[in-house]
Amino acid sequence: MNNNFRKILTVISMITILEIFLIKIGNAQTILPQNADDIHIGVTSCAGSTCHGATTPWAGSTVLQNEYMTWEQYDPHSKAYSVLLNSTSKKMAENLGIGKAHEAKICLDCHADNVPQNKRGRVFQISDGVGCEACHGGGQRWLGIHVSGVGTHEDNVKAGLYPTEDPVKRAELCISCHFGDETKFVTHRIMGAGHPRMSFELDTFTAIQPAHYEIDSDYRKRKIVANGIQTWAIGQAIALERRLEALLDPKRNRDGIFPELVLYDCQACHHSLMEQKWQPRPGTGLGPGVVRFDDSNLLMLQIIVSNIDPKKGALLVQQTKALHKSTTENEAQYYAAAKVLKKTSSELVALFSRHKFGKKDVSRLLNGLIDRAKKAEFSDYVGAEQAIMGISAVLSTADRMGMKAAAKSAQKAVDKAFLALSKYDNWDYAGFKTAVGMIKPIQ
Ligand code: HEC
Ligand code: HEC
Ligand code: HEC
Ligand code: HEC
């Protein structure tokens, strides 16, 4: 072998080793808890009083041990099955002609830990809803290891514990239910039957889910801890990836002669004709009367990428416009544009997993969001909604990084912006813009 060539090879393999060392986030292939082979032993198996069923946190234990109480009393996931018995669900099931909602696979797949019969342990109960193992993975193999306390977190993961601390894995998990995937999906027909509109942002939803864990010094020793803006960024990239997968999936992207409408901005169609408020949105390049692809994740990603790599940011802006333009052309061009963006979204997951999001990113991202709001880029509800959740993620990260004054001074404006968005059908765009305009950029 030629000497130079050998040198190059050594450098390449060194880079690869380094990369493996650096990218701790989102490593191995993902198999979601519902699709893995492990047996789900049931919430009851986790809820013993000396395990996770204590009434108050245990002093001296590495974990809180009252996780079950928190989940059972405050976490909506413990009610996810019982909502299938309420009048909305009954009406939905009737409208769809699917029998009983709490027996329909399509509903149970997201509202419970709906693993097949042969993967259900003796005390497993479907009525527990989105139980511990729906997120943490079937416990049969890791139960022993983690109770004995001899194994490390990695040992547990090898035995089937799902790594919920890893922001990539967490995004894949939450979004599989909070948007859907190739096995379960809320279509426009399900929405039409009465399902509530769904929205998701990983860092905000992680914060609203009542925490049954504490990120303290011993937690940091055991697990990866991504900060809020990295979590936000990764969540956006994976949400876009899933949306484009649905758009490119022939089983999900059409309904008869129409495209699957759930992939578009609902308010492109669902608004009153009495009040005509169309105005150009620079980022779409579209004229009036065109159904818009829901690009709210793209709007966030443009800001995040431009901050890390301005060239890639400009490219993403261009690719977004190309997707919008192609919706007015033909299907072939549309799917081609979507494929380009899907490739970009996967690259972004890798880029954000590597990037060390620090103080500089906090100020740039906040300023980017404020700046875009001024340019009328968030005039669609879905864009404004993602923007304010993004601003919250950035500000809470600022707070944790010691920029407390900036976070505190913005609080009133953030509350006002959320208030302006509180009525979906009659939201207050002017109020949202004014509120965001009141937030002071961080220098
Ligand atoms: C792809 C996953 C998914 C599927 C499929 C799905 N849902 Fe949901 N559903 C959700 C999520 C996530 C929420 C919470 C949305 C939110 O608040 O952001 C929800 C919310 C609801 C709510 C409102 C709950 C409340 O607390 O007010 C009802 C009712 C409901 N779903 C019923 C159904 C029924 C009936 C079916 C089957 C026809 C179904 N869902 C299918 C994921 C799903
Ligand atoms: C909707 C998803 C979800 C459900 C349901 C859920 N968890 Fe968690 N859990 C998480 C996330 C996210 C974290 C934080 C990231 C991490 O440490 O893995 C976590 C963390 C934990 C931790 C780790 C604390 C530490 O210090 O390492 C324990 C223990 C735990 N959960 C137990 C439970 C138990 C017991 C239940 C059921 C009663 C449950 N969880 C239900 C998502 C969930
Ligand atoms: C197996 C499906 C499933 C998974 C996985 C899942 N969720 Fe949910 N989630 C739901 C359903 C269904 C609801 C609605 C429950 C209800 O309203 O009774 C919900 C509700 C919520 C809510 C309350 C929303 C609201 O409008 O108040 C939050 C917050 C939430 N989930 C966060 C998360 C996070 C964070 C993760 C990932 C760590 C996650 N979820 C994973 C199915 C899931
Ligand atoms: C391309 C236009 C279009 C888009 C985009 C669209 N819808 Fe619809 N939607 C319709 C039409 C058409 C109907 C049927 C109206 C009827 O039955 O009278 C409908 C019906 C509905 C209904 C039932 C309304 C009723 O009065 O019974 C709901 C709820 C709904 N859509 C929610 C949504 C949500 C949520 C989104 C976005 C995720 C969305 N739609 C996106 C056109 C659209």
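How do the residues of the shell around ligand 4 divide into nonpolar, polar and charged? The exercises below use a predicted model.

**Exercise 1. Describe the shell of ligand 4 and its polar contacts.**

Step 1. List the neighbours. The residues around ligand 4 are His188, Met191, Gly192, Leu261, Val262, Tyr264, Asp265, Cys266, Cys269, His270 and Val291.

Step 2. Sort them by class. Seven are nonpolar, three are polar and one is charged. Tyr and Cys count as nonpolar in this scheme and Gly as polar.

Step 3. Look for polar contacts. His188 places a polar side-chain atom 2.8 Å from a nitrogen atom of ligand 4. For His270, the distance from a polar side-chain atom to a nitrogen atom of the ligand is 2.7 Å.

**Exercise 2. Work out which residues hold the iron atom of ligand 3, and the geometry of the site.**

Step 1. Find the protein donors. They are His77 and His178, each through NE2, at 2.0 to 2.1 Å from the iron atom.

Step 2. Assign the geometry. The six donor atoms around the iron atom of ligand 3 subtend angles of 86 to 179°, so the arrangement is octahedral. The rule for six donors asks that opposite donors be over 155 degrees apart and all others between 65 and 115.

Step 3. Place the two donors in the chain. His77 sits in the loop between α3 (67-74) and α4 (87-96), while His178 belongs to helix α9 (residues 167-178). The pair is 101 residues apart and links distant parts of the chain.

Step 4. Check their accessibility. His77 has a relative accessible area of 21% and is therefore partly exposed. His178, at 26%, is also partly exposed. Both labels rest on the range between 20% and 50%.

**Exercise 3. Characterise the surroundings of ligand 1 by residue, element and class.**

Step 1. Name the nearest residues. Ligand 1 has 19 residues around it, and Ile106, Cys107, Cys110, His111 and His195 come nearest.

Step 2. Trace the elements. At least two residues of the shell come from each of α4, α5 (105-111) and α9. The largest share, four residues, is supplied by α5.

Step 3. Count the classes. The shell has 13 nonpolar and six polar residues, and no charged residues.

Step 4. Read off the polar contacts. An N or O atom in the side chain of His111 is 2.8 Å from a nitrogen atom of ligand 1. His195 brings a polar side-chain atom to 2.7 Å from a nitrogen atom of the ligand.

**Exercise 4. Decide whether Glu241, Asp249 and Gly285 are buried or exposed, and place each in the chain.**

Step 1. Take Glu241, in helix α13 (residues 228-248). Its relative accessible area is 11%, so Glu241 is buried. Leaving out residues up to four places away in sequence, Glu241 touches Ser345, Ser346 and Val349.

Step 2. Take Asp249, in the loop between α13 and β1 (254-255). Asp249 counts as buried because its relative accessibility is 13%. The Asp249 side chain reaches the backbone nitrogen of Lys251 at 2.9 Å.

Step 3. Take Gly285, in the loop between β2 (258-259) and α14 (296-308). With 61% relative accessibility, Gly285 counts as exposed. From C-alpha to C-alpha, Gly285 and Asp37 are 47 Å apart in space, and 248 residues separate them in sequence.

Terms used
Residues numbered from 1 in each chain as written. Chains lettered and ligands numbered in written order. Predicted model: local features only at pLDDT ≥ 70, side-chain atom pairs only at ≥ 80, totals over all residues. Heavy atoms only, no water. Donors = N, O, S within 2.8 Å, 3.2 Å for Na, K, Ca; no water. Tetrahedral: all angles 85-135°; square planar, octahedral: opposite > 155°, others 65-115°. Buried < 20%, exposed > 50% of the residue type's maximum accessible area, 1.4 Å probe, protein only. Contact = heavy atoms within 4.5 Å. Near = heavy atom within 4 Å. Polar contact = N/O pair within 3.5 Å; in protein donor to acceptor, adjacent residues only side chain to side chain.
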